[in-house]
Amino acid sequence: MPLKNAPLLEVKNLKRHFPVKKGIFARVSGWVKAVDDVSFAIDKGETFGLVGESGCGKSTTAKMILLIHEKTGGEIWFEGKNIAHYSGNERQAYRESIQPVFQDPTGSLNPRLRVGSIIREPMTVRGIMSPKETDERIAEVLSAVGMRPEHAQRFPHEFSGGQRQRIAIARALSTSPKLIVLDEPISSLDVSIRAQVMNLLLRLQQQLGLTYLLIAHDLAVVLHMSSTVGVMYVGKMVECADSTELYQNTAHPYTKALFAAAFHHLSDMKPGVLINPGEVPSPLHPPPGCRFHPRCPQAMPVCGEIEPVLKEISRGHQVACHLMATA
């Protein structure tokens, strides 16, 4: 039975480990721990922002939720039910309820299809709408993203980058999804267009009651659009809080470094929070203890020995850092 008053989506201890194979017999020589024990929840009508440097596991997390990647471990719960227990029909309904908008609209839109056919594609899987109803729905979602119904007859290359991303959003809306996964939705757009697309997404959320999982490396964008923010580093969640709480009471040294880089013009961002030079560690050979400790200016001996776990330091604010135990 689905749980009452449950979050729309909840992931528990989610893991995705990719095997590394070597030799002519392709023997497994190690595992890339792209996502390693990540948990969070998204309530209906809210936006959960997932932020971190490239390669930290954000997109891999999204792809497991979209069922593009199989999870290595952990659970995904949707509307209070573990999707591992879904029947075939329930699994198909889940796929329709969660739609993606990817970073590059040029790569995600089939150049051989007209816009109408691109938007129609996810609807044809259901097979419950007549051709007339489908055409009406295409016109409806195009209008919702600020485009005209006649644009359905054109090809993607006839539009600008911002317009192509609006088409991708229209395609995601076509099945009336309950959750939209936004994977770097504005990072490939011109700076002048980004605010327009962000405002469009916020307006659609308000009008249609949409729920978003927002994946981005731009902290300013995540804070602007998100209700709650999770910060990832090398496959781990290191901090998670309400966006206002995170901005006002940043706790983890890595999150502080992200803030210092994103908001360097603010007077209260002091040089002392900047990370030490060095490369981001490989998820194939992560360092022992806290994965951030080789670059952390506040690292202590325990940081290289024992892996910290997420602990609540105030209501709804979780941090995985040994400094919190000594504060």
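Start with the enclosed spaces: in this predicted model, the count comes to 2 cavities of 30 Å³ or more. To bring up the largest cavity, which holds about 70 Å³ of space, select His252, Pro253, Cys290, Phe292, His293 and Cys296, and add Gln298, Ala299, Cys303, Cys321, His322 and Leu323, since these residues line the cavity. Colouring that selection by class gives 8 nonpolar and 4 polar residues, with no charged residue in the lining.

Next, turn to the open spaces, beginning with the largest pocket, in which about 570 Å³ of space lies. A convenient way in is to select Ser39, Met237, Cys240, Leu310 and Gln318, which lie nearest the centre of this pocket among the 30 residues that line it. Showing the secondary structure around them, look for strand 2 (27-42), strand 3 (47-51), strand 9 (228-233) and strand 10 (236-242), the elements that each give two or more residues to the lining of the largest pocket. When the lining of the largest pocket is coloured by class, 15 residues appear as nonpolar, 8 as polar and 7 as charged.

From there, move to the second largest pocket, whose volume is about 340 Å³. Select Arg95, Ile98, Gln99, Pro100 and Pro122 to find its middle, as these lie nearest the centre of a pocket lined by 17 residues. The elements that contribute two or more residues to the lining of the second largest pocket are helix 2 (88-97), strand 6 (98-101), helix 4 (115-124) and helix 6 (161-173); of these, helix 2 gives the most, with 4 residues. By class, the lining of this second pocket divides into 10 nonpolar, 3 polar and 4 charged residues.

Two of those elements, helix 4 and helix 6, make the next stop, and they are best displayed together, with their axes 8 Å apart and an angle of about 30 degrees between them. The crossing of helix 4 and helix 6 is right-handed. To see how they meet, show the side chains of Val115, Ile118, Ile119 and Pro122 on helix 4 and those of Ile167, Ala170 and Arg171 on helix 6, the residues that make the contact. This contact has 6 nonpolar residues and 1 charged residue, and no polar ones. Pro122, met here in the contact, is also one of the residues nearest the centre of the second largest pocket.

Keep helix 6 selected and add helix 7 (residues 191-208), which packs with helix 6 at an angle of about 20 degrees, the axes lying 10 Å apart. That angle makes helix 6 roughly parallel to helix 7, and the crossing of this pair is right-handed. On the helix 6 side, select Gly162, Gln165, Arg166, Ile169 and Leu173, and on the helix 7 side Ile193, Gln196, Val197, Leu200, Leu201, Leu204 and Leu208, which together make the contact. Coloured by class, the contact of helix 6 with helix 7 shows 8 nonpolar, 3 polar and 1 charged residues.

Technical notes: Residues are numbered from 1 along each chain as its sequence is written. This is a predicted model: local features need pLDDT of at least 70, side-chain atom pairs count only at pLDDT 80 or more; totals for chains, interfaces and linings use all residues. Side-chain values use heavy atoms; hydrogens and water are left out. On a 1 Å grid over the protein atoms alone, a cavity is a set of points where a 1.4 Å probe fits but cannot get out, and a pocket is an open set with protein on both sides within 12 Å along at least five of seven lines; lining residues have an atom within 4 Å of a point. Grid points are joined across faces, edges and corners, and a volume is the space filled by probe spheres set on the points. Ala, Val, Leu, Ile, Met, Phe, Trp, Tyr, Cys and Pro count as nonpolar, Asp, Glu, Lys and Arg as charged, and the others, Gly among them, as polar. Axes are lines fitted to C-alpha atoms, for helices over the stretch in contact, and angles run from 0 to 180 degrees between N-to-C directions. Angles under 35 degrees count as roughly parallel, over 145 as roughly antiparallel, 65 to 115 as roughly perpendicular and the rest as oblique. A crossing is left-handed if the near helix is turned anticlockwise from the far one by less than a right angle, and right-handed if clockwise. Contact means heavy atoms within 4.5 Å.
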